[in-house]
Amino acid sequence: MSKLKLTDIRKSYHSGEVVHALKGVSLEFRESEFVSILGPSGCGKTTLLNIVGGLDRYDEGDLMLGGKSTKHFKDKDWDAYRNRSIGFVFQNYNLIGHQTILQNVEIAMTLSGISVNERRAKAKSALQSVGLGDKLNKRPNQLSGGQMQRVAIARAIVTDPDIILADEPTGALDSQTSLQVMEILKDISKTKLVIMVTHNADLAEEYSSRIIHLRDGEVLSDSRPILQDAQEAEHAERPSSKPQSAGARLDVGKTSMSPATAAALSFRNLLTKKGRTLITAFAGSIGIIGVALVLALSNGLSNYIGNLQAETLSGLPLTVSENAQQVQAPSGPPDALTGGSGGGAGEFPTGDVLNVTEDPAEAEQHVNVLTPAYFDYVDKLPVELPDAVNAISYANGIEMNVLAKGGDDVVKFGTSETAAGGGAALPPGMGSAAPSYWSELPGDEDYVRSMYDLIGEGSRYPSGAGEVAIVVNSYNEVDKAFLDKLGLNGADGERKLTDFIGRPLLKAVPNDAYYAESAGGLFAPAGADRYADLYSGSEGTTLTVAGILRLKDTGSSSSGFLTPGLVYTPELTQAVTDDASGSAIAAAQRSSDRDVVSGAPFAEETLKEARLQALGAKTEPTSLNIYPTDFAGKEEVKAYLDAYNEGKPEAERILYTDLSDVIGSVVQTMIDTVSYVLTGFAAISLVVSTIMIGIITYVSVLERTKEIGILRSIGARKKDISRLFNAETLIVGFTAGALGIGIAYLLTLAINAVLNNVLDLRNLAELSPIQALILVLGSMLLTLVAGLIPARAATQKDPVTALRSE
Ligand code: ADP
Ligand code: MG
């Protein structure tokens with residue numbers, strides 16, 4: 001039985017005019033013979049060969065392989081058939097230019113999953129058998145035509161196929177080298193079927209064992225056809241060395257290229273054109289650079305703006321105090337909050353009616369009655385809006401009895417200058433009172449330390465009732481008046497931070513020790529003569545300076561939220577009020593309508609309240625400051641505070657003062673604008689880089705069309721081709737991403753250096769490692785996606801057409 005049998009094969013091409021290339025060809029071939037097909041140009045020789053080789057499909061008839069019909073062959077069956085049973089030799093050699101000749105021969109085996117060593121050994125011996133054992137590492141363009149054709153033959157025979165198809169193998173060779181090639185083919189035909197198309201009748205006559213003439217798609221003559229009985233005789237006398245091997249192999253056969261092979265192949269391809277790959281990757285990286293820079297800048301900018309906002313707001317918190325000097329309506333539209341008296345509805349009137357508003361002075365009078373329920377409500381703020389609030393600080397208007405011993409004498413450290421009202425927690429510069437140099441730290445240590453540095457050796461953050469800290473400005477400055485209060489006015493000369501750190505400088509004396517009750521039910525504060533005794537006495541809390549806090553120098557003009565001077569812990573307030581509320585003077589004051597110190601009657605009920613507050617007899621805070629994280633957070637806090645007032649009668653409403661109101665809206669607009677612009681830039685960069693990468697990948701696929709044809713002719717599946725291109729685009733994507741990140745990083749260094757010099761902004765551009773990683777992965781994904789379409793196009797390419805391309 002013969003290996004290969006064609007019955008009435010017909011093939012037409014329908015591009016433009018219909019061409020009947022084969023008009024019913026019936027042929028049968030022996031397992032081993034040297035067949036030459038002769039005929040004028042255009043008579044269908046190549047078409048016949050391509051159909052026999054499974055590169056092209058017949059329209060009608062049947063092709064029998066080892067007695068089996070191929071009518072129902074699927075693509076993968078044809079791929080396997082080409083890879084295992086067929087070896088192609090083309091007129092123009094079709095070698096892959098960027099690979100060595102050893103690799104060119106090996107490539108057929110990479111598709112059939114043979115181990116590297118075996119692959120190499122087989123390729124070497126195939127090259128040796130065609131006389132090229134000494135040229136293994138040469139590239140095709142370093143060889144002569146005859147040598148290249150011998151490489152092609154080595155590639156055709158290396159997988160030990162049953163059939164070798166040669167399409168005008170000597171067409172481009174001189175007569176001398178033609179003879180060499182014919183010798184080799186003749187040698188091969190001893191064990192294999194060799195079908196050769198040629199124009200050269202002499203060569204065919206001399207070397208081949210059978211000559212078939214084709215004319216206009218039909219067999220004109222056949223010098224040695226297989227006759228039924230003759231064939232049987234031949235079969236009996238010369239039994240097949242590999243019986244039915246083609247059929248047997250076709251059943252198991254499935255070619256495949258492992259992803260690793262695909263990657264290695266692509267990698268080598270890219271390596272052979274390093275300069276080009278680098279330029280490609282660079283072009284692709286431009287978009288990545290753009291996105292990376294925009295990200296870096298917006299990181300830095302949003303950090304910067306965030307800090308700026310937090311700093312600004314730390315000096316201008318939302319304030320709620322008992323005597324609210326209200327500048328805003330409780331629940332008007334946002335425009336009304338910014339202090340505009342525009343009359344509210346938000347729309348400009350079109351009629352000619354004159355609108356009359358309330359007298360602003362009258363509308364804004366309001367007294368806040370701070371109730372425990374309100375404090376509970378405010379206490380829930382950090383839970384309800386964790387991202388909006390940095391800290392909340394309280395002031396309760398207590399006047400502590402504090403004595404200081406900075407020098408030789410003990411002096412009264414006056415904690416408040418205002419007799420009535422107590423220290424409202426107005427930020428520095430905003431209160432009407434002279435500075436008291438004495439204020440409570442917000443409970444949130446992290447917030448304080450985000451704005452202040454601890455300076456000086458041994459400086460610690462104060463903890464517990466017995467520790468205080470000194471607050472200095474960015475230049476380590478304190479007022480002279482502050483030192484006076486500590487009793488240090490007399491001493492001259494330089495002062496060191498360490499003169500204060502760790503020193504017990506002060507003492508908080510309890511009301512019962514400080515105030516002496518006199519006969520008329522009045523109380524007298526201690527005179528200067530008793531200070532030394534009280535200071536050294538056993539009652540009270542000794543206050544040690546634990547550390548010195550300095551406002552961080554961030555380049556902004558913020559004055560910070562801590563009053564310069566001494567700051568004490570909330571624990572001290574707790575301890576003092578606990579003690580004071582049970583003191584004799586507090587009890588006396590509660591039940592008296594007069595000031596128990598001066599004896600004068602109170603003009604107003606609120607003044608008595610203030611007095612009680614000052615004595616520590618009332619523990620509720622008199623005011624509070626809320627420090628939002630940023631302007632957006634501030635609006636959330638304001639909405640939260642407004643919600644408390646909803647549905648409440650006028651008298652129970654609690655109004656706040658927004659000290660940063662006017663600059664807030666300006667800054668917010670600026671931030672919004674900047675972030676829109678940055679987002680726009682990032683989007684544009686992304687689009688540009690996607691298009692860039694898409695084009696580059698597409699060009700790269702076009703460039704390798706020939707290689708696709710070659711790979712297909714030796715049995716690569718469509719899947720293998722797309723793997724090859726996906727591997728290549730991934731490698732290019734990675735290179736582009738890494739290159740882009742590297743360049744962007746260098747650029748951020750330069751940008752930072754410039755910004756630092758010109759604008760005094762530190763590290764404004766900053767790309768985080770995670771963003772860098774995401775960008776590299778994104779670049780790979782982008783190239784992959786951009787490459788999918790051309791890679792698909794590549795796999796869809798008809799192998800015959802692909803081979804024709806140059
Ligand atoms: P030969 O190899 O004998 O010179 P071919 O087999 O290449 O001839 O071509 C046979 C006929 O089919 C020619 O007329 C050729 O123009 C036509 N032909 C071959 N391939 C195609 C194709 N892909 N599309 C259209 N016509 C084709
Ligand atoms: Mg041809």
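What share of the contacts in the protein with a separation of 6 or more comes from residues 24 or more positions apart? The answer is 79%. Keep that in mind as we walk through this structure, which is a predicted model.

## The whole protein

Let's start with the big picture. The protein has 806 residues, and 48% of them are buried. Its secondary structure adds up to 28 helices and 24 strands. The accessible surface comes to about 38000 Å², and carbon and sulfur atoms account for 55% of it.

## Around ligand 1

Now have a look at ligand 1. Its surroundings include a run of neighbours in the sequence: Ser41, Gly42, Cys43, Gly44, Lys45, Thr46 and Thr47. Tyr13, Ser15, Val19, Ala21 and Arg804 are also part of the shell. Sorted by class, the shell has 6 polar, 4 nonpolar and 2 charged residues. Two elements, β2 (19–29) and α1 (45–52), each supply at least two of the shell residues. The one that gives the most is α1, with 3 residues.

Zoom in on the backbone here. A polar backbone atom of glycine 42 sits 2.7 Å from an oxygen atom of ligand 1. For lysine 45, a backbone N or O atom is 2.9 Å from an oxygen atom of the ligand, and for glycine 44 the corresponding distance is 3.0 Å. On its own, ligand 1 would expose 560 Å², and the protein buries 70% of that.

## A sheet that includes β2

We met β2 beside the ligand, and that strand is also part of a sheet. Here, 4 strands make an open sheet in the order β2-β1-β4-β5, with antiparallel pairing. At the edges are β2 and β5 (68–69), each of which pairs on one side only.

What holds strands of a sheet together? They pair through backbone hydrogen bonds, in either a parallel or an antiparallel way. Between β4 (residues 60–65) and β5, the join is made by 2 bridges, and the two strands run antiparallel. Across this pair, leucine 65 is opposite lysine 68 of β5.

## Threonine 170 in its loop

Next, find threonine 170, in the loop that connects β7 (163–167) and α6 (175–188). Is this residue buried or exposed? Threonine 170 counts as buried because its relative accessibility is 9%. Setting aside neighbours within four places in sequence, threonine 170 touches Ser178, Val181, Met182 and Leu203.

## The sheet around β11

Another open sheet has 4 strands, ordered β12-β23-β11-β24, and its pairing is antiparallel too. Its edge strands are β12 (389–395) and β24 (657–658), each pairing on one side only.

Strand β11 (residues 318–321) pairs with β23 (residues 623–628) over 4 bridges and with β24 over 2 bridges. You can trace this through individual residues: leucine 318 is opposite isoleucine 626 in β23, and it is also opposite aspartate 658 in β24. Serine 321, in turn, is opposite serine 623 in β23. Both faces of β11 are covered, with Leu318 and Val320 buried on one side and Thr319 and Ser321 buried on the other.

## Lysine 638, a buried charged residue

Helix α23 (residues 631–645) holds lysine 638. Why does lysine 638 count as buried? Its relative accessibility is 3%, and buried means under 20%, so lysine 638 falls below the cut-off.

So which partner does the lysine 638 side chain have? A polar contact of 2.7 Å links it to the side chain of aspartate 658, the residue we just saw opposite leucine 318. Lysine 638 is also 9.8 Å from proline 628, C-alpha to C-alpha, with their positions 10 residues apart in sequence.

## Helix α22 and its neighbours

Last stop: helix α22 (residues 605–615). Its buried residues are Lys608, Ala610, Arg611, Leu612, Gln613, Ala614 and Leu615. What do they pack against? Their partners are α18 (511–514), β19 (515–517), α20 (570–581) and α21 (584–590).

Just after α22 comes glycine 616, which has a positive phi, near 85 degrees.

Terms used:
Residues are numbered from 1 along each chain as its sequence is written. Chains are lettered from A and ligands numbered from 1 in the order in which they are written. This is a predicted model: local features need pLDDT of at least 70, side-chain atom pairs count only at pLDDT 80 or more; totals for chains, interfaces and linings use all residues. Side-chain values use heavy atoms; hydrogens and water are left out. A residue is near a molecule or strand if one of its heavy atoms lies within 4 Å of it. A polar contact is a pair of N or O atoms within 3.5 Å; within protein, one must be able to donate a hydrogen and the other to accept it, and residues adjacent in sequence count only if both atoms are side-chain atoms. Accessible areas come from the Shrake-Rupley method with a 1.4 Å probe; for residues, only the protein chains shown count as cover. Ala, Val, Leu, Ile, Met, Phe, Trp, Tyr, Cys and Pro count as nonpolar, Asp, Glu, Lys and Arg as charged, and the others, Gly among them, as polar. Buried means under 20% relative accessible area, exposed over 50%, partly exposed in between (1.4 Å probe, protein chains only). Contact means heavy atoms within 4.5 Å. Two strands pair if DSSP finds at least two bridges between them.
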